[in-house]
Amino acid sequence: MSAAAAEAPKPKTNRIGLQVLDYRGGKTTLCAGCGHNAISERILEAYYEMGIQPERVMKMSGIGCSSKSPAYFMSRSFSFNSVHGRMPSVATGALLANKTMHSIGVSGDGDSMSIGLGQFVHLLRRNVPMIYIIEDNGVYGLTKGQFSATADIGSKLKTGVVNDLPAIDICALAVQMGATFVGRSFSGDKKQLSAMLKAAIAHRGTVLLDVISPCVTFNDHEGSTKSYKYMQEHDEPIGDLSFVPFFEDITVDYDPNTTIDVPMHDGSHLRLRKLHEDYSPANRTDAVKLLMETHARGEVLTGVFYVDTQQTDFTTLLNLVDEPLATLPEARVRPGREVLAQLMQSLS
Ligand SMILES: Cc1ncc(C[n+]2csc(CCOP(=O)(O)OP(=O)(O)O)c2C)c(N)n1
Ligand code: SF4
Ligand SMILES: [Mg+2]
């Protein structure tokens, strides 16, 4: 071995010995500058930093530019690109078949707030243990930029058409419908989004993240409330987020008067340093009230609004056996002759 080769620095690895390259996906086919691309980068970094084996992850999606994103991160994971608005039922079924997998879904404001709204609210209500990201650009990007149900009233399309309908606030809806971890971030806020995604990985229950993700082709102009410029001017973080994973020592003390510490299911800690609001993410009613008030003031509040680490998740509620249903041998899933005979007897 040459001296130069002997001295070559070892590539950086995570706690399970993988490099960030092991978490990469295919080359993106989305527009250059699309917010969705930045979110894919943050997702793969979060899984790398948390040291999750890519083969233990299933990536789910519906239809839209956003729903194409799972192709652009973590190629080694399982992936299912479902039908428009139908990701919640497919994801629920997949998790019931193998509850040992880690599940992340990527959807769009069109996919989840219009055609998929009926399925979406039932996923939250069941507290299905998965991360559900909505890459929110206020338009149907894939079908050339029509307004979606998250477009703010009064916002303008490039063609001059004004939106006359009120927006659905995804986070307020998610809190009301039963999601147990609800946050909003911006594709351009690397630090906040990274901390939120790592905390999401540590949570056991439905995590709903509404990530404002500008569509540079159809909704990044003057008059849009989902543009980079609008977000830079109106983004109001509720506090500073930081995350300490379970495999790192908590060395930094915190002041309970200014910082809330949320112990997560796996032993990690989410820390929220309050900026201006005296706010605790433990109360559902406060969360909805705050979201409604700030929206009415034209602010786009970002941060973690609600966390409940005590609520039972759907797979635990169903009391499933420990082994994945998908790999149980036939002898364990089929009742024996005697049991069948007893059953028939009871019906006669
Ligand atoms: C059943 C059905 N209806 C309509 C469509 C057309 N369609 C494809 S994607 C889409 C909306 C995508 O918007 P969104 O989920 O916000 O994703 P984005 O492209 O903005 O990321 C629509 C209406 C379809 N594919 N299938
Ligand atoms: S059309 Fe919009 S949402 Fe779709 S890839 Fe391009 S910028 Fe992104
Ligand atoms: Mg959209």
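**Ligand 2.** I began with the shell around ligand 2 and counted by class 7 nonpolar, 4 polar and no charged residues, where Ala, Val, Leu, Ile, Met, Phe, Trp, Tyr, Cys and Pro count as nonpolar, Asp, Glu, Lys and Arg as charged, and the others, Gly among them, as polar. The residues surrounding ligand 2 are Leu30, Cys31, Cys34, His36, Cys65, Asn137, Gly141, Cys215, Val216, Thr217 and Phe218, each with a heavy atom within 4 Å of the molecule.

**Basis.** I note that this is a predicted model, in which local features need pLDDT of at least 70 and side-chain atom pairs count only at pLDDT 80 or more, while totals for chains, interfaces and linings use all residues. Residues are numbered from 1 along each chain as its sequence is written, chains are lettered from A and ligands numbered from 1 in the order in which they are written, and side-chain values use heavy atoms, with hydrogens and water left out.

**Sheet of 8 strands.** I traced an open sheet of mixed pairing with the strand order 2-1-3-4-8-7-13-9; strands are DSSP runs of E with at least two residues, helices are runs of H or I with at least four, both numbered from the N terminus, and two strands pair if DSSP finds at least two bridges between them. Strand 2 (78–81) and strand 9 (235–237) are at the edges with a single partner strand each, so one side of each has no neighbour in the sheet. Inside this sheet I looked at strand 3 and strand 4, which pair in the parallel sense over 5 bridges, and found serine 107 opposite isoleucine 134 in strand 4.

**Sheet of 3 strands.** I also found an open sheet with antiparallel pairing and the order 10-12-11, whose edge strands are strand 10 (239–244) and strand 11 (259–263). Strand 10 is joined to strand 12 (residues 269–274) by 6 bridges, and serine 242 stands opposite arginine 271 in strand 12.

**Helix 4.** Which residues of helix 4 (residues 87–97) are buried? I list Met87, Pro88, Ala91, Thr92 and Leu95, buried meaning under 20% relative accessible area with a 1.4 Å probe and protein chains only. They lie on the same side of helix 4 because they cover an arc of only 130° around the axis, taken from the directions from the helix axis to the C-beta atoms. Their cover includes strand 1 (57–61), strand 3 (102–108), helix 6 (117–126), strand 4 (131–136) and helix 11 (314–317), with contact meaning heavy atoms within 4.5 Å.

How values were computed. Buried < 20%, exposed > 50% of the residue type's maximum accessible area, 1.4 Å probe, protein only.
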